[in-house]
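This report concerns the arrangement of strands and helices in one protein chain. The reader is invited to consult the sequence and coordinates alongside the text.

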Amino acid sequence: MSRPRIVVTGGIPTAGLDLLREHGDVWAWDGDGPIPTDVRDEQLSRADAAVTLLTDRVDDAFLDAAPNVQVVANVAVGYNNIDVDACRKRGVTVTNTPDVLTDATADIAMALVLMVTRRLGEGERLIRSGEAWKWGMFMMLGSGIQGKRLGLIGMGAIGQATAERARAFGMTIAYHNRSRVAPDVEQRLGAELLSLDELLATSDVVSLHCPYTPDTHHLIDAAALERMRTSAYLVNTARGPVVDEAALVEALRSGGIAGAGLDVFEHEPEVHPGLLDLDNAVLVPHLGSATVETRDAMAVLAARNVAAVLAGDDPVTPVT
Ligand code: GLV
């Protein structure tokens, strides 16, 4: 029997490639920039499995090119880049990489909370500008977070891990989620379930941890920003289009909210030009899971999913 063919649409860590090679013949795009569609389609036409990145769009066109693909293993926890229904209709299994990136992403969320409330990006830019400065009692005062309320929108694993970190910094926790989390989790985190409106109106920092779906598109729009306190901060490590970026620029400019820490952008990799001029915006380039250890673990998990499906077993972390 011939070995299965596995197509990887972009660079992934060697640990994942090595494991994939144990289970099939692997072809991986290693050119500059995104894989050209004609190259991708030619490779997919002979593939039994595809390993994809969050920058790939897995839609009918992708699937049409891949008649024998049994599994699409996305190397990301988010899978808004994948038309899961289209995959299901064709009997294609979809998998993602939850859990292994929880800590790394929660670390970035907490880092953004600290950066934006303590004006660290602004301070860094000052030093690098070469402008003269000296210590001053009232220089670059930020906002302390101890005793302040962190409002989490989305209370899955990453939301909970962010809550744990924030608790260690003395914050109190409120959350809004599709469903209530288990009572013991609520108790451990001292977390209070609030309506979205109440959470927005009473939180000192609002941090987004929900998936991007049609329901969460522009969840944070002008009206939501209007509900937030003028002293409040917004942190987004989820997906860019959960926030109406133009409305956010307006709120940051006008003092509608105090600041924002963003790891993701509405039209990634483009960033709203208005954000670039704002000192109260901290901007980092989608680094949520970007540690060596985490990316290795994500690639290995994707490879384990491919191996399981090709062997006729249940995937480890299916998207259901
Ligand atoms: C990163 O954004 C991911 O979804 O893994």
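The following sections treat the two sheets, the helices packed on them, and two points of backbone geometry. The model is predicted.

**The five-stranded sheet**

An open sheet is built from 5 strands in the order β2-β1-β3-β4-β5, with parallel pairing. Its edges are formed by β2 and β5 (93-95), each of which pairs on one side only. From one strand to the next, the twist averages 15°.

Within this sheet, strand β1 (residues 5-8) and strand β2 (residues 25-28) run parallel and are joined by 4 bridges. Arg5 has Asp25 of β2 as its bridge partner. The connection from β1 to β2 passes through α1, and this β-α-β crossover is right-handed. Strand β1 also pairs with strand β3 (residues 49-52), again in the parallel sense, over 3 bridges. Here Ile6 stands opposite Ala49 of β3.

Helix α2 (residues 37-44) lies across β1, β2 and β3, and its direction is at about 160° to that of β1.

**The seven-stranded sheet**

A further open sheet comprises 7 strands in the order β8-β7-β6-β9-β10-β11-β12, and its pairing is parallel. The edge positions belong to β8 (191-193) and β12 (281-283), each pairing on one side only. The twist in this sheet averages 20° from one strand to the next.

Strand β7 (residues 172-176) pairs with β8 in the parallel sense over 3 bridges, and the bridge partner of Tyr175 in β8 is Leu193. Two helices are packed on the sheet. Helix α5 touches β9 (205-208), β10 (233-236), β11 and β12, and its direction makes about 150° with that of β10. Helix α11 (residues 245-254) touches β10, β11 and β12, and its direction makes about 140° with that of β11.

Strand β7 is also joined to strand β6 (residues 149-153), to which it runs parallel, by 5 bridges. Gly151 is matched in this pairing by Ala174 of β7. A right-handed β-α-β unit consists of β6, α7 and β7. Another right-handed β-α-β unit is made by β7, helix α8 (residues 183-189) and β8.

The strand pairings described for the two sheets are collected below.

| Strand pair | Sense | Bridges | Example of partners |
|---|---|---|---|
| β1 and β2 | parallel | 4 bridges | Arg5 and Asp25 |
| β1 and β3 | parallel | 3 bridges | Ile6 and Ala49 |
| β6 and β7 | parallel | 5 bridges | Gly151 and Ala174 |
| β7 and β8 | parallel | 3 bridges | Tyr175 and Leu193 |

**Helix pairs**

Helix α1 (residues 14-23), the helix of the crossover between β1 and β2, also meets a helix from later in the numbering. The axes of α1 and helix α13 (residues 292-310) come within 7 Å and cross at roughly 15°. Because of this angle, α1 is roughly parallel to α13. The crossing of the two helices, α1 and α13, is right-handed. On the α1 side the contact involves Ala15, Gly16, Leu19, Leu20 and His23, and on the α13 side Asp296, Ala299, Val300, Ala303, Arg304, Val306, Ala307 and Leu310. By class, the residues of this contact between α1 and α13 are 9 nonpolar, 2 polar and 2 charged.

Helix α5, which packs on the seven-stranded sheet, makes a contact with helix α7 (residues 157-168) as well. Their axes, those of α5 and α7, come within 8 Å and cross at roughly 50°. The helices α5 and α7 are therefore oblique to each other. The crossing of α5 and α7 is right-handed. Helix α5 contributes Thr102, Asp103, Thr105, Ala106, Asp107, Ala109 and Met110 to the contact, while α7 contributes Ala157, Ile158, Ala161, Thr162, Arg165 and Ala166. The residues of the contact of α5 with α7 comprise 7 nonpolar, 3 polar and 3 charged.

**Backbone geometry**

Most peptide bonds are trans, and most residues other than glycine have a negative phi. Two sites in the model are to be noted against this background. The peptide bond between Glu268 and Pro269 is cis, with omega about 5°. Pro269 is located in the loop between β11 (259-262) and α12 (273-276). Asp99, a residue other than glycine, has a positive phi near 70°. Its position is in the loop between β5 and α5 (102-117).

Conventions: Residues are numbered from 1 along each chain as its sequence is written. This is a predicted model: local features need pLDDT of at least 70, side-chain atom pairs count only at pLDDT 80 or more; totals for chains, interfaces and linings use all residues. Side-chain values use heavy atoms; hydrogens and water are left out. Axes are lines fitted to C-alpha atoms, for helices over the stretch in contact, and angles run from 0 to 180 degrees between N-to-C directions. Angles under 35 degrees count as roughly parallel, over 145 as roughly antiparallel, 65 to 115 as roughly perpendicular and the rest as oblique. A crossing is left-handed if the near helix is turned anticlockwise from the far one by less than a right angle, and right-handed if clockwise. Contact means heavy atoms within 4.5 Å. Ala, Val, Leu, Ile, Met, Phe, Trp, Tyr, Cys and Pro count as nonpolar, Asp, Glu, Lys and Arg as charged, and the others, Gly among them, as polar. Two strands pair if DSSP finds at least two bridges between them. A crossover is right-handed if, with the strands pointing away from the viewer, the path from the first strand over the helix to the second runs clockwise.
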